[in-house]
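Please look through the sequence and the model below before reading on. The paragraphs that follow start from one residue and then widen to the whole chain, its interior and its aromatic rings.

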Amino acid sequence: GPALLFVKSSQGKGEGRRFYACSACRDRKDCNFFQWEDEKVSETRLAAREEYNRNHQPSFTHRQNVDRYKNFVILPSSKRRFCQKCQQLLLPAEWEKHSDHQFLCDITTAQLKSPSQLLYPLENKKTNAQYLFADRSCQFLLNLLIDLGFRRVLSVGTPRLHEMIQSKASQEEEFSVRSLLLDIDFRYSQFYTEDEFCHYNMFNHHFFGGEAARETCRKFLYEENGQRVIMVTDPPFGGLVEALASSFKKLMAMWRGTEEEGSDNKEMPMFWIFPYFFESRILDFFPSFSMMDYQVDYDNHALYKHGKTGRRQSPVRIFTNLTPSTIVLPEEEGYRFCTVCQRYVSSGNQHCEICNSCTSKDGRRWKHCVLCKKCVKPSWFHCNNCNCCTLQKHSCEKTEAGCFVCGKAGHKRSACPSLSRT
């Protein structure tokens, strides 16, 4: 899809030179697209680009994959094979072509309903970072959505939540929740129809299926006049918050097409799942959001696991525009309701009378610093040289260089006014 516009800055030299690069891949090894904004591209180079794109298309279209799946499910289990190298369901006529590859044989119906466990997770941190919800977190999210009365879930980059909803819908007649998965991983097109999955890039709001896929998403949001639908998204944590927020606002605008005139400021209900240390960046773009204390954990991430203590706890939280008091967190996992803050907090998050808030972000009990006039992490101490709280073992030497972008003191690169204008 469309590239994003970036700026190459040199410290203290102002705006720098602007260039286009891939929206999804931050590593040039994964996508070598690069073009200066003011560069004129030759016809030869454009033709080479088109040729490269043609040669890197998937083997089958989404429609072909749907037809292949229909043929696959009617096969006896002894003839159901999955190529682990190509990450592809194989029909008997294709076995010979993949004869020197590693197979999974006797694929069951249960495996077909849980493709996120059949497919290899794409774990390149700079490209996909495809970490999957643990069952505990997935089940909690689904139960919460049901309790809040939502009946449709726009699952943006949350394949495990989507497949849990799909599986329950096929097994339980009374289960009335439906999901539409938007994901950049085209492998899921092997398992879901065009009404269940759209190939989508959340960094530039690009539907690879064109207007037909966009219309599928629009119709899904339009149902019931836009009521009882929520967006749940779990982006790669290395992704640019600005780009993600822009796409999410466009999805909200698509949903607002169902709303009455005069309600342009109304936001679609949303759960944005992201690490707590991005709180200020998310609130910059969505001031109505608040962060819940619930720790989201993942099956295939070494650090983001539930039950660990101190800094080993999962830093991943739920940011939402729903009223915090309605998000009920499980007491059996150590969460309690703070009557002053009117929200559920972790057991270690003690209410600070001075700040008049439950201030902890990471699950540990934070302490109030009178000099800083705020609560800080328990491992931090006030440094009179730096005039702020910081780790006990730190360097007090203040850099004179200031902001990397403009060279001025008083702010960091991420908050630079010059960068915001660019």
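In which loop does glutamine 84 lie? In this predicted model, glutamine 84 is found in the loop between β4 (81-83) and β5 (88-90). Its relative accessibility is 17%, and glutamine 84 therefore counts as buried, the limit being under 20%. Leaving aside residues up to four places away in sequence, glutamine 84 touches Gln102, Phe103, Leu104 and Tyr120.

Two other loop residues deserve attention for their backbone angles. Most residues other than glycine have a negative phi. Aspartate 106, in the loop between β6 (103-105) and α3 (109-112), has a positive value instead, with phi near 55°. Lysine 373, placed in the loop between β19 (367-369) and β20 (374-376), likewise has a positive phi, near 60°. As for solvent, aspartate 106 has a relative accessibility of 42% and so counts as partly exposed, whereas lysine 373, at 70%, counts as exposed.

The view can now be widened to the whole chain. Its secondary structure comes to ten helices and 22 strands, and 45% of its 422 residues count as buried. Among the contacts in the chain with a separation of 6 or more, 55% are accounted for by residues 24 or more positions apart.

In soluble globular proteins, nonpolar side chains tend to be buried together. Here the largest nonpolar core has 66 residues, and those with the most contacts inside it are Leu154, Leu161, Leu182, Phe248, Leu251, Phe271 and Trp272. Helix α8 (residues 241-256) supplies the largest share of this core, with nine residues. The surroundings of leucine 154 can be followed in detail: with residues up to four places away in sequence not counted, leucine 154 touches Leu180, Leu182, Cys217, Phe220, Leu221, Ile230, Met231, Val232 and Leu251. A second core, separate from this one and made of 14 residues, includes Leu75, Leu89, Tyr192 and Phe197.

Leu161, named among the residues with the most contacts inside the largest core, also takes part in the meeting of two helices. Helix α5 (residues 135-147) and helix α6 (residues 159-171) have axes that come within 10 Å and cross at roughly 60°, and the crossing of α5 and α6 is right-handed. On the α5 side the residues that meet α6 are Cys138, Gln139, Leu141, Leu142 and Leu145, and on the α6 side they are Arg160, Leu161, Met164, Ile165 and Lys168.

The aromatic residues give another way through the model. A search of the whole structure finds 20 aromatic pairs. One of them joins tryptophan 272 and phenylalanine 286, whose rings are edge-to-face, at 6.2 Å centre to centre and with 80° between the planes. This pair links distant parts of the chain, 14 residues apart, since tryptophan 272 belongs to strand β12 (residues 270-275) and phenylalanine 286 to the loop between α9 (279-285) and β13 (290-291). Tryptophan 272 counts as buried at 0% relative accessibility, and phenylalanine 286 counts as buried at 1%. The rings of phenylalanine 274 and phenylalanine 278 have their centres 4.8 Å apart and their planes at 50°, which is why this pair is described as tilted. Phenylalanine 274 is buried, with a relative accessible area of 0%. Ring pairs also link Phe133, Phe237, Phe248, Trp272, Phe274, Tyr276, Phe277, Phe278, Phe286, Phe289 and Tyr298 into a cluster.

What does phenylalanine 319 touch? With residues up to four places away in sequence not counted, phenylalanine 319 touches Met270, Phe271, Trp272, Phe274, Pro275, Tyr276, Glu279, Ile282, Phe289, Ser290 and Met291. Phenylalanine 319 is found in strand β14 (residues 316-320) and counts as buried, at 0% relative accessibility. Its C-alpha atom is separated by 6.2 Å from that of methionine 292, although the two residues are 27 residues apart along the chain.

Rings also take part in arrangements with charged side chains. The charged end of arginine 17 sits over the ring of tryptophan 36, 3.9 Å from the centre of that ring. Arginine 152 lies over the face of phenylalanine 220, at 5.7 Å from the ring centre, and phenylalanine 220 is also one of the residues that leucine 154 touches.

Terms used: Residues are numbered from 1 along each chain as its sequence is written. Side-chain values use heavy atoms; hydrogens and water are left out. A nonpolar core is a set of buried Ala, Val, Leu, Ile, Met, Phe, Trp, Tyr and Cys residues joined through side-chain atoms within 4.5 Å. Buried means under 20% relative accessible area, exposed over 50%, partly exposed in between (1.4 Å probe, protein chains only). Helices (H or I, at least four residues) and strands (E, at least two) are DSSP runs, numbered from the N terminus. Contact means heavy atoms within 4.5 Å. Rings of Phe, Tyr and Trp (its six-membered ring) pair if their centres lie within 6.5 Å; planes under 30 degrees apart count as stacked, over 60 as edge-to-face and the rest as tilted. A charge sits over a ring if NZ of Lys or CZ of Arg is within 6 Å of the ring centre and within 35 degrees of the ring normal. Axes are lines fitted to C-alpha atoms, for helices over the stretch in contact, and angles run from 0 to 180 degrees between N-to-C directions. A crossing is left-handed if the near helix is turned anticlockwise from the far one by less than a right angle, and right-handed if clockwise.
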